[in-house]
Amino acid sequence: MAAVGMRFRKLRIVSAIVCVVGLVLSFYAYYVEIEKEHNKDYKALCDISDHMSCSTVFTSKYGRGFGLLGHIVGSNSQFNVPNSIFGIVFYTLQMALGQSTDPFLTKVEISLAFVSNIGSLYLAYILYFILHDFCVVCVSTYVVNALLLGCACYKLRKLPAVRQKQE
């Protein structure tokens, strides 16, 4: 049973590291967007070419509220925030949920991770078919979201053994 506890501890560490990577990517995306708004000549590290430019993606209409909230609440609404803000909230929440051994909270964690992956598919479609761009930061967050879903599903599968050990 000690091996189960050790594996679960490692899973929690891996999940937290993946969340930290997601947070770093989200903070960087936010930084790039703010810099680009204040200085049109700003060139981000992830702006590699005309068709590999994260600042082009972040400052597009899809970079705020996923390109959807502006239609619902208005483009100037305080709720139509950069996608990176949603990422910061999401990864912070996932980090907290990832440390729990409660089955209900783990199901919430999986549900949120699943929704984030649906969002990743939507944004990947926008990136490739509408914006005709490649964003290193965006694609990296898609990978992070997939890893978080995998970690959460694995955790749910191993949870009965961990909870039994705790009793």
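# A tour starting from Ser53

Select Ser53, which sits in strand β2, residues 52–53. Helices and strands here are DSSP runs numbered from the N terminus (helices H or I with at least four residues, strands E with at least two). The model is predicted, so local features are taken only at pLDDT of at least 70 and side-chain atom pairs only at pLDDT 80 or more, whereas totals for chains, interfaces and linings use all residues. Residue numbers run from 1 along each chain as its sequence is written, and side-chain values use heavy atoms, with hydrogens and water left out.

Ser53 counts as buried because its relative accessible area is 5%; buried means under 20%, exposed over 50%, and partly exposed in between, with a 1.4 Å probe and protein chains only. Add Thr56 to the selection: the side chains of Ser53 and Thr56 make a polar contact at 2.8 Å. A polar contact is a pair of N or O atoms within 3.5 Å; within protein, one must be able to donate a hydrogen and the other to accept it, and residues adjacent in sequence count only if both atoms are side-chain atoms.

**Whole chain**

Zoom out. The chain has six helices and two strands, in the order α-β-β-α-α-α-α-α along the sequence. Its C-alpha trace spans about 60 × 35 × 25 Å along the principal axes. Of its 167 residues, 41% are buried.

**Cysteines**

Select Cys46 and Cys54. These two are joined by a disulfide with an S to S distance of 1.5 Å, and the structure holds one such link. The criterion is a pair of cysteine sulfur atoms within 2.5 Å. The Cys46–Cys54 link is right-handed, with 45 degrees about the S-S bond. Both Cys46 and Cys54 are buried.

Next, Cys151, which is in no disulfide: the nearest cysteine sulfur belongs to Cys19 and is 8.3 Å away. Cys151 is classed as buried because its relative accessible area is 12%. Cys138 is also worth a click; it is buried, at 9% relative accessibility.

**Around Arg64**

Which residues are linked with Arg64 in a network of salt bridges? Show Glu33 and Glu37, which complete that network with Arg64. A salt bridge is a side-chain nitrogen of Lys or Arg within 4 Å of a carboxyl oxygen of Asp or Glu, and the structure holds three.

Arg64 meets Glu33 at 3.4 Å, N to O. Arg64 is in the loop between α2 (54–58) and α3, while Glu33 is in helix α1 (residues 2–38), so this pair ties together parts 31 residues apart in sequence. With Glu37, the closest N and O atoms of Arg64 are 3.1 Å apart. Glu37 also lies in helix α1, so here the tied parts are 27 residues apart in sequence.

The accessibilities of the three residues are as follows. Glu33 is buried at 4%, Arg64 is partly exposed at 28%, and Glu37 is partly exposed at 37%.

**Pro82**

Move to Pro82, in the loop between α3 (69–73) and α4 (83–98). Pro82 is buried, with a relative accessible area of 5%. Measure to Tyr62: the two are 20 residues apart in sequence, and their C-alpha atoms are 8.9 Å apart.

**Helix α5**

Select residues 103–130. This is helix α5, with 28 residues and a reach of 39 Å from its first C-alpha to its last, close to the 40 Å expected at 1.5 Å a residue. The expected span is 1.5 Å times one less than the number of residues.

At the N-terminal end, Asp102 acts as a cap: one of its side-chain oxygens is 3.0 Å from the backbone nitrogen of Phe104. Just after the helix, His132 takes a positive phi of about 50 degrees.

Color the buried residues of α5, among them Thr106, Ile110, Ala113, Asn117 and Ser120. Glu109 is buried too, at 2% relative accessibility. Show its partner Lys155: the side chains form a salt bridge at 2.8 Å, N to O. Lys155 is in helix α6 (residues 136–166) and Glu109 in α5, so the link joins distant parts of the chain, 46 residues apart. Lys155 is buried, also at 2% relative accessibility.

Finally, select Phe114, Val115, Ile118 and Leu121. These residues form a nonpolar surface patch with about 420 Å² of accessible area together. Ile118 lies in α5 and is partly exposed, at 46% relative accessibility. Patches take residues with over 30% relative accessible area and no salt bridge, joining like charges within 9 Å and nonpolar side chains (Val, Leu, Ile, Met, Phe, Trp, Tyr) within 5 Å. Areas come from the Shrake-Rupley method with a 1.4 Å probe; for residues, only the protein chains shown count as cover.
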